[in-house]
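Reader: Could you take me through one helix of this model up close, and then show me how its packing sits beside another helix pair and a few odd backbone spots? I'd like the cut-offs spelled out as you go.

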Amino acid sequence: MGDIKLMKGNEVIAETAIRCGCDGYFGYPITPQSEIMETLMLRRPWEETGMVVLQAESEIAAINMVYGGACCGKKVMTSSSSPGMSLKQEGITYMAGAELPCLIVDVMRGGPGLGTIQPSQSDYFQATKGGGHGDYHLIVLAPASVQEMSDFVVLGFELAFKYQNPAIILVDGAIGQMMEKVELPDYTPRWSEQEIEEISGDWALTGKKNRKQHIITSLEYSAPPQEIFNHKLQRKYKEMREQEVRFETIHCEDADYIFVAYGSVARICQKATELLREKGIKVGLLRPITLYPFPTQAISDLCSKTKGFLTVEMSAGQMLEDVQLAVEGRTKVEFYGRMGGVIPTPEDVIEAFEKIFSI
């Protein structure tokens, strides 16, 4: 590994993008993620690596620039926050329909509408259920630390190219703004044109004489071929669900009750778990690392020995629905959430837990 530094989460996204050989970043400033582009501009990676960094005229322009870069087999990315992500949805669904890899970072804030600049987790539905039109999915990674912000840039690109699919790092504003120690990866050279030819196989655009030129589109005028293509996508998503589920469990082996939380809320719930165990109450934590594919089976397997799950989110209850589907009514699934940018404390979680389960 490379250097160890004290860095803000958003800054780490930028630094790791440079180090992992990203070819291009296209974005637009919006709180609380503006430091990603600002850090890239300050680092001037185009002088060191040849990476393109461009502030587009809008979020819509940025995602379509990403579309263009991905068409050429390049390792490209963008970032935004919740209102900006809403504007990017058309481009994202086009890229999913064209089976193009890219990395998207959403540093969530409260809504709906312009909402607040404070942290939230209310983009869960948008990210995991497909915020645009059509039957598609993104690969969704949910970091709970600044270290994972770095790790998931590398992982996100890896999975995006493996499945020819957009991948998104879905993180709340608290993780984006906090500072922690992070071990950064070593520098990886950007791919050469020959490597891009090998990596992109037969799906990228090319003007090279040794390979057929391709037209990339998500448009099909005839219904039967479009249905066949959608079946192909569903087979890909099935493979993701079989191969790419990631999660962490803490004290779940003997737990009577289990918190389910992701991002900064998972850290809050981990502290609540420790405090409750000091009081003799056996509580565990399941933290989804991939929100899509979701750890449905892992939650299902815990049902037989668990008195109840408490899903904790900074939203009105979005991941809650996936937990309920995994449990299938076999045990209690309750919810505690804060909205509008309010961050719960461990004491808030404990108070809600004891009230909900009458402990």
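Author: Here is a walk along helix α11, followed by a second helix pair and some backbone details.

Some ground rules to start with: this is a predicted model, where local features need pLDDT of at least 70, side-chain atom pairs count only at pLDDT 80 or more, and totals for chains, interfaces and linings use all residues. Numbering starts from 1 along each chain as its sequence is written, and side-chain values use heavy atoms, with hydrogens and water left out.

Helix α11 covers residues 263–278, 16 residues in all. Helices here are DSSP runs of H or I with at least four residues, strands are runs of E with at least two, and both are numbered from the N terminus. The expected span is 1.5 Å times one less than the number of residues. For α11 that gives 22 Å, and the end C-alpha atoms are 24 Å apart, which agrees. Just after the helix comes G280, with a positive phi near 85°.

Which residues of α11 are buried? They are G263, S264, V265, A266, I268, C269, A272, T273 and L276. Buried means under 20% relative accessible area, exposed means over 50%, and partly exposed is in between (1.4 Å probe, protein chains only). An α-helix has 3.6 residues a turn, so residues three or four places apart point the same way. The cover over the buried residues of α11 includes strands β7 (166–172), β10 (257–260), β11 (283–288) and β13 (308–313), along with helices α8 (173–177) and α14 (346–356).

Now to α14 as a packing partner. Its axis and that of α11 come within 8 Å and cross at roughly 60°. Axes are lines fitted to C-alpha atoms, for helices over the stretch in contact, and angles run from 0 to 180 degrees between N-to-C directions. So α11 and α14 are oblique to each other; under 35 degrees would count as roughly parallel, over 145 as roughly antiparallel, and 65 to 115 as roughly perpendicular, with the rest oblique. The crossing is right-handed, meaning the near helix is turned clockwise from the far one by less than a right angle. On the α11 side, I268, C269, K271, A272, L275 and L276 meet P346, E347, V349, I350, F353 and E354 of α14, where contact means heavy atoms within 4.5 Å. By class, these are nine nonpolar, no polar and three charged residues. Ala, Val, Leu, Ile, Met, Phe, Trp, Tyr, Cys and Pro count as nonpolar, Asp, Glu, Lys and Arg as charged, and the others, Gly among them, as polar.

Next, the other pair: α1 (residues 9–19) and α2 (residues 35–43) pack at about 45°, with axes 7 Å apart. That makes α1 oblique to α2, and this crossing is right-handed too. Here N10, E11, I13, A14, E15 and I18 of α1 meet E35, I36, T39, L40 and R43 of α2, a set with five nonpolar, two polar and four charged residues.

Finally, the backbone oddities. Most residues other than glycine have a negative phi, and most peptide bonds are trans. E99, in the loop between α5 (82–97) and β5, has a positive phi of about 55° and counts as buried at 9% relative accessibility. E328 also has a positive phi of about 55°, but E328 is exposed at 60%. A cis peptide bond joins T31 and P32, with omega about 5°, and another joins G111 and P112, with omega about 0°.
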